[in-house]
Amino acid sequence: MKLNTSRFGEIEILEDDIVIFKDGIFGFENIKRFTILNIEENNPLMWLLAIDDPELAFVIIRPFEFNPNYSLNLADKDAEELDLEAPEDSDIFAIVVVPEDPSKMTANLQGPIVINTKKKIGKQVISTNPKHKLKHYILEEMQKYLG
């Protein structure tokens, strides 16, 4: 399928690369189909592009990229809705906010995106870990953990 986007131009999306979010993303519950775009190789920042509205895209990052100690305890209900059978079948992302000063970009670890990579099912979940906040300063945490 071809998509025309103002941000990325015309791109080809394979059916196998489409992830279904039954409940959408918080604030965008009516949008159910997304894909992940990795525009630059070796760049930890990627895009979660809405297939149903190609003008909508979120910058995302795997939390492990800036916090190697990150862990998420997935609620049983969320694991069931994702149809997850094993943790290795999942991938976790945080939505990134990039302000005018990119050195202040933050990642939302309180509402991570979990994807069942085998079955292409996605869900934004709520982390109950009190250490997971709405705003984690990515570069500060990278410096803290990676030196």
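## Exercises on a predicted model

A search of the whole structure, which is a predicted model, finds 4 aromatic pairs.

**Exercise 1. Classify the ring pair of Phe-21 and Phe-34, and place both residues in the fold.**

Step 1. The ring centres of Phe-21 and Phe-34 lie 5.0 Å apart and their planes stand at 70 degrees, so the pair is edge-to-face, given that planes over 60 degrees apart fall in that class.

Step 2. The pair links distant parts of the chain, since Phe-21 belongs to strand β3 (residues 19-21) and Phe-34 to strand β4, 13 residues apart.

Step 3. Phe-21 is buried, with a relative accessible area of 0%, and Phe-34, at 0% relative accessibility, counts as buried too.

**Exercise 2. Describe the geometry of the pair formed by Phe-28 and Phe-58, then decide whether each residue is buried or partly exposed.**

Step 1. Phe-28 and Phe-58 form an edge-to-face aromatic pair, with 5.4 Å from centre to centre and 70 degrees between the planes.

Step 2. This pair also links distant parts of the chain, with Phe-28 in the loop between β3 and β4 and Phe-58 in strand β6, 30 residues apart.

Step 3. Buried means under 20% relative accessible area, so Phe-58, at 13%, counts as buried, whereas Phe-28, at 30%, counts as partly exposed.

**Exercise 3. Work out how strand β5 is paired, and how Trp-47 sits within it.**

Step 1. On one side of the pairing scheme, strand β4 (residues 33-37) runs antiparallel to β5 and is joined to it by 4 bridges; Leu-37 has Trp-47 in β5 as its bridge partner.

Step 2. β5 and β6 likewise pair in the antiparallel sense over 4 bridges, with Ala-57 in β6 as the bridge partner of Leu-49, and a hairpin of 6 residues joins β5 to β6.

Step 3. Strand β5 (residues 46-50) is mostly covered, 4 of its 5 residues being buried, while Trp-47, which has its place in this strand, counts as partly exposed at 22% relative accessibility.

Step 4. Leaving aside neighbours within four places in sequence, Trp-47 is in contact with residues including Arg-7, Phe-8, Thr-35, Leu-37, Ala-57 and Phe-58. The C-alpha atoms of Trp-47 and Phe-34 are separated by 9.8 Å, the two residues being 13 apart along the chain.

**Exercise 4. Identify the polar contacts that the side chain of Lys-123 makes, and establish whether Lys-123 is buried or exposed.**

Step 1. Lys-123 is found in strand β9 (residues 121-124) and, at 11% relative accessibility, counts as buried.

Step 2. Its side chain makes a polar contact with the side chain of Glu-81 at 2.8 Å, and another with the side chain of Asp-23 at 3.5 Å.

Step 3. Not counting residues up to four places away in sequence, Lys-123 touches, among others, Phe-21, Asp-78, Leu-82, Pro-112, Ile-113 and Val-114.

**Exercise 5. Outline the largest nonpolar core and say which elements give two or more residues to it.**

Step 1. The largest nonpolar core has 16 residues, and those with the most contacts inside it include Ile-61, Phe-66, Val-96, Ala-107 and Val-114.

Step 2. The elements that give two or more residues to this core are β6 (57-61), β7 (90-97) and β8 (106-116).

Step 3. Apart from this core lies another, of 15 residues, among them Ile-25, Phe-34, Leu-56 and Ile-113.

Step 4. As for Ala-107, its contacts beyond four places in sequence include Ile-61, Phe-66, Val-96, Lys-133, His-136 and Ile-138.

Definitions and conventions. Residues numbered from 1 in each chain as written. Predicted model: local features only at pLDDT ≥ 70, side-chain atom pairs only at ≥ 80, totals over all residues. Heavy atoms only, no water. Buried < 20%, exposed > 50% of the residue type's maximum accessible area, 1.4 Å probe, protein only. Polar contact = N/O pair within 3.5 Å; in protein donor to acceptor, adjacent residues only side chain to side chain. Contact = heavy atoms within 4.5 Å. Core = buried A, V, L, I, M, F, W, Y, C linked by side-chain atoms within 4.5 Å. Pairing = 2+ DSSP bridges. Phe/Tyr/Trp six-rings, centres within 6.5 Å; stacked < 30°, edge-to-face > 60°.
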